[in-house]
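Biologist: Got a minute to walk me through this model? I'd like to start with what sits inside, then poke at a few residues.

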Amino acid sequence: MTELGIAVVGLLMLAGLAGIVVPILPGILLIAGAALWWAIADGGTATHWSAFAFVVAFALAGTWLKYAIPAKRTSQAGASNISMGLALVLGIVGLFVIPIVGGPIGFVLGVYLAERVRLRAHAPAWAATKAGLRGFALGMLIEFTAAVAMIGAWVVGVLLTR
């Protein structure tokens, strides 16, 4: 692969990183896809595939932790599983209804509405919603960290194959 090709892969990965902060692009998938393209197009040696394996491992770990840790913290704050399910559904719907910011808005609205109906009081519903917001921010931080680790694994792979 030429230097230009490596630069294009790097730019795709940076676009994936931006897609985590502004959820227009599927960030983790874009980074992993770019790493796969590099591994195949740059020769497919054992070093390429090892670097790609690290990229995939960071992607899987980051994706799992992105959902598991915030969900656990939100449920520890008192939100029910039904509230979390509704928050997830409204978050997905929100992405399509209000591009870019609809996911977080739908998620927060889902937690608040479900907890408000369940508990019939504003204060505990709002407490669960704030925990959900903190969880959402933590999830973004986890995903961003995983993406940076993925890019780092790729950079190491590029340096080792040059």
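**Inside the fold**

Modeller: Sure. In this predicted model, the largest nonpolar core has 22 residues, and the members that touch the most others are M13, W38, V55, M150 and W154.

Biologist: Which helices each supply at least two residues of this core?

Modeller: Those are α1 (3-21), α2, α3 (46-76) and α6 (122-160). The most comes from α2, which gives seven residues.

Biologist: And what is W38 in contact with, leaving aside its neighbours within four places in sequence?

Modeller: Quite a list: M1, I6, V9, H48, A51, W154, G157, V158 and T161. Apart from the core I described, there's another one of seven residues, including A79, M84, F107 and V111.

Biologist: Let's take F107 then. Where does F107 lie?

Modeller: F107 is in helix α5.

Biologist: Buried or exposed?

Modeller: F107 counts as buried because its relative accessible area is 15%, and the cut-off for buried is under 20%.

Biologist: What does F107 contact beyond its neighbours within four places in sequence?

Modeller: M84, A87, L88, L90, G91, G132 and F136. Take A87: its C-alpha is 4.3 Å from that of F107, though the two residues are 20 apart in sequence.

Biologist: Switching topic. Where is S80?

Modeller: S80 is in the loop between α3 and α4.

Biologist: And is S80 buried or exposed there?

Modeller: Buried, because S80 has a relative accessible area of 17%, again with the cut-off at under 20%. Setting aside neighbours within four places in sequence, S80 is in contact with E115 and R118.

Biologist: Which side chain makes a polar contact with the side chain of S80?

Modeller: That of S83, at 3.0 Å.

Biologist: What about R120, where does that one lie?

Modeller: R120 is in the loop between α5 (102-119) and α6. Its phi is near 55 degrees, which is positive, and R120 is not a glycine. R120 is also exposed, since its relative accessible area is 72% and exposed starts at over 50%.

Biologist: Last thing: where is confidence lowest, and where is it highest?

Modeller: The lowest is helix α4 (residues 81-97), with a mean pLDDT of 86, and the highest is helix α2 (residues 27-41), at 96. The protein chain averages 90, and 100% of the residues score at least 70.

Biologist: Great, that gives me plenty to look at on screen.

Terms used: Residues are numbered from 1 along each chain as its sequence is written. This is a predicted model: local features need pLDDT of at least 70, side-chain atom pairs count only at pLDDT 80 or more; totals for chains, interfaces and linings use all residues. Side-chain values use heavy atoms; hydrogens and water are left out. pLDDT is the predictor's confidence in each residue, from 0 to 100. Helices (H or I, at least four residues) and strands (E, at least two) are DSSP runs, numbered from the N terminus. A nonpolar core is a set of buried Ala, Val, Leu, Ile, Met, Phe, Trp, Tyr and Cys residues joined through side-chain atoms within 4.5 Å. Buried means under 20% relative accessible area, exposed over 50%, partly exposed in between (1.4 Å probe, protein chains only). Contact means heavy atoms within 4.5 Å. A polar contact is a pair of N or O atoms within 3.5 Å; within protein, one must be able to donate a hydrogen and the other to accept it, and residues adjacent in sequence count only if both atoms are side-chain atoms.
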